[in-house]
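Please walk me through this structure, starting from its interior and moving outward to the elements that build it.

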Amino acid sequence: MYWLLSASPTPDGPQPPRSLEDAQDSAGEAAGWVQENWSDWLATGLRIVFVCVVAVVLRYLIRRAITQLITRMNRRAEIADSGNALRGLLVSGERRRQRSQAIGSILRSVASFVIMGTAAMTVLSGLGINLAPLLASAGVAGVALGFGARDLVKDVLAGMFMLLEDQYGVGDRVDAGEASGVVLEIGLRVTQLRGDDGEIWYIRNGEIKRIGNLSQGWSMASLDVRVRADEDLDAVRDVVVAAGEEMGKQRPWDEILWEPVQVLGLDEVTLESMVLRVSVKTMPEKNLPVERELRWRIKKTLDERGIQLVDEPSLALQAVRPPSLEK
């Protein structure tokens with residue numbers, strides 16, 4: 001048995017067994033080496049366990065703090081909106097919820113990446129691994145990836161800033177240059193729009209150079225009232241104001257009209273006609289319905305007062321009509 005343990009095969013055949021003293025010396029040296037280094041191994045193992053536990057606990061606490069912060073901000077915004085009906089119309093709960101979820105997801109991902117990356121580097125350093133070649137390789141790979149995926153990085157960064165700055169949200173009607181419509185979904189890379197004809201536009205965030213949000217703030221309804229030059233201006237203005245006041249007292253226009261109808265003044269004066277510019281501030285995206293309804297009411301009120309609307313083609317036709325036709 002001792003010969004089997006001590007003999008080692010060689011090309012020339014098995015060697016004679018080592019002496020018992022040599023085996024005892026080797027075992028003693030191994031035991032001494034283990035006894036000398038076990039404390040270092042134990043300390044290194046405990047350090048690695050401690051780093052992993054701290055990283056996991058810190059990641060959990062930070063992610064939970066971010067979630068609670070986002071929830072608290074939403075609750076405060078809802079309380080503020082409940083006392084401000086106008087702001088409640090401008091900012092929908094669904095839009096706020098999606099924006100908060102996106103921002104919270106970004107913050108949690110960044111926190112997890114930083115914490116776990118730092119913990120991994122600390123563990124590798126504790127194991128005695130030289131991190132310089134690894135960091136250099138990661139730097140080269142990062143540069144190569146940056147050149148290859150620069151469009152993707154550009155889109156993601158643009159999407160992050162759009163969410164953080166609240167440039168638009170789900171349900172907003174926006175004009176993105178080449179496409180316009182209602183926002184269906186906002187991603188870090190692509191924004192989806194529903195066009196007026198029902199089509200869905202997929203727009204890369206990095207390609208959006210300018211954005212026009214038609215759902216934030218308010219809209220302005222403007223129209224022109226053209227009458228003959230010999231009409232009484234005060235009477236025409238009273239008709240327009242009366243039509244606007246009556247419209248503002250009826251539903252649903254009492255909620256859509258945010259200010260009284262204003263006659264800005266004469267926009268154009270000729271020998272045959274004059275044009276009055278009328279405007280009113282409305283709820284976002286409601287300017288076109290207000291223009292149609294207000295034009296309808298102004299026309300009816302003018303007819304009741306005996307004031308006729310005219311246009312340039314009819315005036316031109318009357319100017320060239322022979323006197324015999326007028327009789």
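**From one core residue outward**

Isoleucine 298 touches Leu223, Val225, Val239, Val240 and Ala243, leaving aside residues up to four places away in sequence. A second, separate core of 14 residues includes Ala102, Met162, Ala176 and Ile186. The model is a predicted one, and what follows should be read with that in mind.

Isoleucine 298 is also among the residues with the most contacts inside the largest nonpolar core, which has 23 residues; the others named in this way are Val225, Val278, Val290 and Leu294. The elements that contribute two or more residues to this core are E6, H7, H8, E8 and H9, and the largest share, five residues, comes from H7. As a general background to such an arrangement, nonpolar side chains tend to be buried together in soluble globular proteins.

Helix H7 covers residues 233-248, and because 16 residues at 1.5 Å a residue should span 22 Å, the 23 Å between its end C-alpha atoms agrees with the expected value. Its buried residues are Val236, Val239, Val240, Ala243, Gly244 and Met247. Seen down the axis of H7, these buried residues fall within an arc of 125 degrees, so they line one face of the helix. That buried set is covered by elements including strand E6 (219-228), helix H8 (253-256), strand E7 (262-269), strand E8 (273-282) and helix H9 (287-304). At the N-terminal end of H7, aspartate 232 acts as a cap, with a side-chain oxygen lying 3.3 Å from the backbone nitrogen of aspartate 234.

Helix H9 can be followed in a similar way. Its 18 residues should span 26 Å at 1.5 Å a residue, and the end C-alpha atoms are 26 Å apart, which agrees. The buried residues of H9 are Val290, Glu291, Leu294, Arg297, Ile298, Thr301 and Leu302. These residues cover an arc of only 140 degrees around the axis, which puts them on the same side of H9, whereas Arg292 and Trp296, on the other side of the helix, are exposed. The buried residues of H9 pack against E6, H7, H8 and E8. After H9 comes glycine 306, whose phi is positive, near 80 degrees.

Another part of the model is an open sheet, in which five strands are arranged in the order E4-E3-E2-E1-E5 with antiparallel pairing. Strand E4 (200-204) and strand E5 (212-213) stand at the edges and have a single partner strand each, so one side of each is left without a neighbour in the sheet. The pairing of E3 with E4 is antiparallel and runs over five bridges, and valine 190 stands opposite arginine 204 in E4.

Within strand E3 (residues 190-194) lies threonine 191. Is this residue buried or exposed? Its relative accessibility is 2%, and threonine 191 therefore counts as buried. The side chain of threonine 191 nevertheless has polar partners, making one polar contact with the side chain of tyrosine 168 at 3.0 Å and another with the side chain of asparagine 205 at 2.7 Å. Not counting residues up to four places away in sequence, the residues that threonine 191 touches are Tyr168, Val183, Glu185, Ile186, Trp201, Tyr202, Ile203 and Asn205. One of these, Ile186, is also included in the second core of 14 residues.

Technical notes:
Residues numbered from 1 in each chain as written. Predicted model: local features only at pLDDT ≥ 70, side-chain atom pairs only at ≥ 80, totals over all residues. Heavy atoms only, no water. Helix = DSSP H or I, 4+ residues; strand = E, 2+ residues; numbered from the N terminus. Expected span 1.5 Å × (residues − 1). Buried < 20%, exposed > 50% of the residue type's maximum accessible area, 1.4 Å probe, protein only. Arc of directions from axis to C-beta. Contact = heavy atoms within 4.5 Å. Polar contact = N/O pair within 3.5 Å; in protein donor to acceptor, adjacent residues only side chain to side chain. Pairing = 2+ DSSP bridges. Core = buried A, V, L, I, M, F, W, Y, C linked by side-chain atoms within 4.5 Å.
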